Amino acid sequence: KKYLFFINFVGVTTIWNMTSTAKKRLYGASPDEIKRLCQELQLPSFAYKQIVKWLYSRFVTDIEAMTDLSKVARQRLAEHCELGLSAPLKVSVSSDGTKKYLFRTLEGEYIESALIPDGERMTLCVSSQAGCKMGCKFCATGRMGFRHQLSANEIINQILSIPERDK
């Protein structure tokens with residue numbers, strides 16, 4: 001099955017400093033941010049639409065696979081950017097088939113996603129923050145306290161980096 005989605009994260013922004021030596025993470029960037037990036041990289045004005053389509057419709061896993069961009073455009077993009085996907089560090093499976101995926105955030109915190117089977121369908125619960133403000137004594141996440149909101153890239157990574165994504 002193919003899924004088309006575009007996620008609008010209210011209050012979640014991507015801030016890119018083009019003078020930074022760190023590569024920019026493409027997943028999680030909005031179409032407007034990608035448009036500005038293309039201007040900064042002096043790519044053709046239509047390139048941002050192609051990049052957005054590769055990211056959010058085709059779920060590309062390699063910049064080189066963006067074959068409707070010129071080779072020069074792909075090289076320039078790869079020089080300054082990365083997709084920003086990283087596999088889970090660990091997978092735990094419970095007796096009911098629920099899988100918990102452990103990821104590490106950019107700040108070094110650990111977060112989990114859970115894939116829960118329910119008959120013919122699956123539900124994926126993703127984290128939107130590291131830690132929790134509730135402080136529930138029975139919950140490990142609650143006991144750690146609130147750490148920070150996750151970036152759009154960190155949220156999208158949880159969806160696109162699990163092996164079951166294509167099922």
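**Helix H2 and the nonpolar core of a predicted model**

Good morning. Read from the N terminus, the chain runs β-α-α-α-β-β-β-β-β-β-α-β-α. That comes to 5 helices and 8 strands, taken as DSSP runs numbered from the N terminus (helices: H or I, at least four residues; strands: E, at least two).

This is a predicted model, in which local features need pLDDT of at least 70 and side-chain atom pairs count only at pLDDT 80 or more, while totals for chains, interfaces and linings use all residues. Residues are numbered from 1 along each chain as its sequence is written, and side-chain values use heavy atoms, with hydrogens and water left out.

Of the 167 residues of the chain, 35% are buried, where buried means under 20% relative accessible area with a 1.4 Å probe, protein chains only.

I now turn to helix H2. How many residues of H2, residues 47-56, are buried? The count is 8 of its 10 residues, and the helix is mostly covered. These buried residues are Ala47, Tyr48, Gln50, Ile51, Val52, Trp54, Leu55 and Tyr56. Their cover includes helix H1 (31-40), helix H3 (71-80) and helix H5 (152-160), judged by contact, meaning heavy atoms within 4.5 Å.

Next, the packing of H1 against H2. In general, two packed helices are described by the angle between their axes and the distance between the axes. Here the axes of H1 and H2 come within 9 Å and cross at roughly 130°; the axes are lines fitted to C-alpha atoms over the stretch in contact, and angles run from 0 to 180 degrees between N-to-C directions. H1 is therefore oblique to H2, since angles under 35 degrees count as roughly parallel, over 145 as roughly antiparallel, 65 to 115 as roughly perpendicular and the rest as oblique. On the H1 side, Pro31, Ile34, Lys35 and Cys38 meet Ala47, Tyr48, Ile51, Val52 and Leu55 of H2.

Finally, the interior. The largest nonpolar core holds 26 residues, and those with the most contacts inside it are Leu26, Tyr27, Ile51, Leu55, Met66 and Leu77. Such a core is a set of buried Ala, Val, Leu, Ile, Met, Phe, Trp, Tyr and Cys residues joined through side-chain atoms within 4.5 Å. Which elements give two or more residues to this core? They are H1, H2, H3 and H5, and H2 gives the most, with 7 residues. Apart from this core lies another, of 8 residues, among them Tyr101, Ala130, Leu150 and Ile162. Returning to Met66, its contacts beyond four places in sequence include Leu26, Ile51, Trp54, Leu55 and Leu77.

Notes: Buried means under 20% relative accessible area, exposed over 50%, partly exposed in between (1.4 Å probe, protein chains only).
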